[in-house]
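Me: I would like to go through this structure with you, step by step. Please keep the answers short.

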Amino acid sequence: MPRNIILSLSLLFAVLVTNVVSAQTVTSYFESELLTQVLHNVQALQLGKVGAIVDKFDTSKNWDWIIEEGSLPEYTNAVTQMSAKGAYTVIDMDKLKFATELSIARTIIHEMVHAHLLLSFLYNNVNASLEYPGIVRAWAATLTPDYNAIQHQEMAESFVDDIAMSLKEYNNNENRFTDSSVYTDLAWGGLDFENNESLNDDDRKHIETTLAKAQLNGLGRLTQ
Ligand SMILES: [Zn+2]
């Protein structure tokens, strides 16, 4: 084999293995060092429900979550579904190339909650049904349930405050940012805030503006 091909192959291999991180049951395959770092920071969160989910991934055997980068449809930052190997998330860094670090963190936390809900109902169905009766009800209410939308409804009802708290915790570690409503706005990312009855028109507008800024205003800070 020509020397330059061997070199290319070994460089490719080096790139592929650079950011493979496996902490207990969470395995990530990232080319982006920033994404690797943000996931690492998210896995250090301790407060509230998100902290409990991090702990669950740290301590539970077979509680597998695989995350990798990939291309997704327009307006989709990330997707999580079940696979044979566990909960499986794809994150599209092309969509997040101008995003602030906190916006990437909120995306990872959101997908981690999806992974948690999927694995909870798979491995601990009885407890999950008791803890999330709204999911069970919504699942039974229609012949063609949209599991993603059902999980989003549950997140809107019982995770937004905790995700906001975790984003604040994330940011305190990094010592940036002060307006605390930003954390709540970001926690609504990926959820159907446009139609949520607990929010008024001003709330919705504020959330929409904050999310758009966070998705776009990291320009220049992100190098890959
Ligand atoms: Zn989602």
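Me: In which sense do E3 and E5 pair, parallel or antiparallel?
Reply: This is a predicted model, where local features need pLDDT of at least 70, side-chain atom pairs count only at pLDDT 80 or more, and totals for chains, interfaces and linings use all residues. Residues are numbered from 1 along each chain as its sequence is written. Strands are DSSP runs of E, at least two residues long, and helices are runs of H or I, at least four, both numbered from the N terminus. Two strands pair if DSSP finds at least two bridges between them; E3 and E5 have 5 bridges, and their sense is parallel.

Me: Which residue in E5 stands opposite isoleucine 67?
Reply: Isoleucine 67 belongs to E3. Towards strand E2 (residues 26–29), which runs parallel to E3 with 4 bridges, the residue opposite isoleucine 67 is serine 28. In E5, the residue opposite is threonine 89.

Me: Which residues make up the uncovered face of E3?
Reply: E3 has two faces to sort out. Trp65, Ile67 and Glu69 are on the covered one. The uncovered face holds Ile66 and Glu68.

Me: Where is aspartate 94, and is it buried or exposed?
Reply: Aspartate 94 sits in the loop between E5 and H4. A residue is buried if 20 or more other C-beta atoms, placed from the backbone, lie within 10 Å of its own, exposed if 12 or fewer, and partly exposed in between. Aspartate 94 has 11 C-beta neighbours inside 10 Å, so it counts as exposed.

Me: How far apart in space are aspartate 94 and glycine 70?
Reply: In sequence, 24 residues separate aspartate 94 and glycine 70. In space, C-alpha to C-alpha, the distance is 8.7 Å.

Me: How many of the residues of H4 are buried?
Reply: H4 has 23 residues. It is largely enclosed by the rest of the structure, because the number of its residues that are buried is 20.

Me: What distance separates the end C-alpha atoms of H4?
Reply: The expected span of a helix is 1.5 Å times one less than its number of residues. For the 23 residues of H4 that gives 33 Å. The end C-alpha atoms agree with this, at 32 Å.

Me: Which element gives the most to the largest nonpolar core?
Reply: A nonpolar core is a set of buried Ala, Val, Leu, Ile, Met, Phe, Trp, Tyr and Cys residues joined through C-beta atoms within 7 Å. The largest one has 49 residues. Elements that give two or more residues include helix H3 (48–59), helix H8 (160–174) and helix H10 (201–216). The element that gives the most, with 12 residues, is H4.

Me: Which residues of H2 are buried, and why are they on the same side?
Reply: Glu33 and His40 are exposed, on the face turned away from the buried side of H2. The buried residues are Leu35, Val38, Leu39 and Val42. They are on the same side because, judged by the directions from the helix axis to the C-beta atoms, they cover an arc of only 100°.

Me: What is the phi of asparagine 62?
Reply: Asparagine 62 lies in the loop between H3 and E3. It is exposed, with 9 other C-beta atoms within 10 Å. Asparagine 62 is not a glycine, yet its phi is positive, about 65°.
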